[in-house]
Structures are given as C-alpha cells and as structure tokens.
Amino acid sequence: MSSSKDEPAPHAKLGTAMTTVTGYEAYESAGELLRALSAPIRVAIVAELGVGERCVHELVEKLGAPQPLVSQHLRVLRGAGVVRGARRGREIAYSLVDDHVAHIVADAVSHAREVRP
C-alpha cells in the first residue's frame, strides 16, 4: 500500500525522529500505539493531555488516581513515544508528542459513548 501525495504517510514511533514506514511496519507501529493506549487510565491521561500540558499532580487531581499509578502509566506512554516531559522548576510538565493520538483517543471515547442497538 502506498500513500498519495495528499495523504500523510504513517510514521514510526511518535517520540523519535519521524521516519516514514511502509507496508507491514506501519501496522506493527499502529499495534504498538494501540497497546500503549490499552489501559483506561492511559486513555484518560492522553485525553487530559490533549487539552494541554499537565504536571503529575494535576493529572492525579483530575483523574482521582494515586500518584505512583499515574507516574507508572506516564512512563509507559513515554516509552511508547506518546508523551514527553519537560522540566518546569521542580516539576515535569507532560504533553503529547503530537495531536494524532489525541484525535484517536477522542474518536474512541466518542464511539464508546454512542448508544448501541
């Protein structure tokens, strides 16, 4: 499968230099992304970061989850290249590497909220 000039090409791991992947590699990369998003709390973290950058304590407050749990899931998302952290004084502010993941999560949550027959 090749992409046309008008369609963005699939890319490798989000947090690394953007390299175009083709064929089955694109499906493998998509699978890795979906595995990183497989925990509901990680979906919630990504949804919250889709609004803007947040520190761990802000995510803890918003999600009502214990700080160690939020930190653990942020590590998974960082390892998958979904989020990045930037030091802000004594804290680290987390943000999404790009907006694609926020759109995927928003669509998934919207789909889950739809009334089913």
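How many bridges join E2 to E3, and how do these strands run? Work through the exercises below to place that answer in the fold.

This is a predicted model, where local features need pLDDT of at least 70, side-chain atom pairs count only at pLDDT 80 or more, and totals for chains, interfaces and linings use all residues. Residues are numbered from 1 along each chain as its sequence is written, and side-chain values use heavy atoms, with hydrogens and water left out.

**Exercise 1. Describe the sheet.**

Step 1. Start with the opening question. 6 bridges join E2 to E3, and the two run antiparallel. Strands (E, at least two residues) and helices (H or I, at least four) are DSSP runs, numbered from the N terminus. Two strands pair if DSSP finds at least two bridges between them.

Step 2. Pick out one pair. Val83 has Leu96 in E3 as its bridge partner.

Step 3. Look at the turn. E2 and E3 form a hairpin with 2 residues between them. Gly89, in the turn, has a positive phi of about 70°.

Step 4. Add E1. 2 bridges join E1 to E3, again antiparallel. Arg54 stands opposite Tyr94 in E3.

Step 5. Write the order. The open sheet of 3 strands reads E1-E3-E2. Strand E1 (54-55) and strand E2 (83-88) are at the edges; each has a single partner strand, so one side of each has no neighbour in the sheet.

Step 6. Find the helix on the sheet. H4 packs there, touching E2 and E3. Its direction makes about 115° with that of E2. Axes are lines fitted to C-alpha atoms, for helices over the stretch in contact; angles run from 0 to 180 degrees between N-to-C directions.

**Exercise 2. Find the residues at the heart of the largest nonpolar core.**

Step 1. Fix the terms. A nonpolar core is a set of buried Ala, Val, Leu, Ile, Met, Phe, Trp, Tyr and Cys residues joined through side-chain atoms within 4.5 Å. Buried means under 20% relative accessible area, exposed over 50%, partly exposed in between (1.4 Å probe, protein chains only).

Step 2. Name the residues. The largest core has 20 residues, and those with the most contacts inside it are Ile45, Val46, Val70, Leu74, Val82 and Val83.

Step 3. Trace the suppliers. Helix H2 (40-51), helix H3 (56-63), helix H4 (67-79), strand E3 (91-96) and helix H5 (100-113) each give at least two residues. H2 gives the largest share, 4 residues.

Step 4. Zoom in on Val83. Among the residues that Val83 touches are Leu49, Leu74, Leu77 and Tyr94, not counting residues up to four places away in sequence. Contact means heavy atoms within 4.5 Å.

**Exercise 3. Sort the faces of H5.**

Step 1. List the buried residues. In H5 they include Val101, Ala102 and Val105. They cover an arc of only 100° around the axis, which puts them on the same side of H5. The arc is that of the directions from the helix axis to the C-beta atoms.

Step 2. Turn to the other face. Exposed His100, His103 and Asp107 lie on the face turned away from the buried side.

Step 3. Name the cover. H1, H2 and E3 are among the elements over the buried residues of H5.
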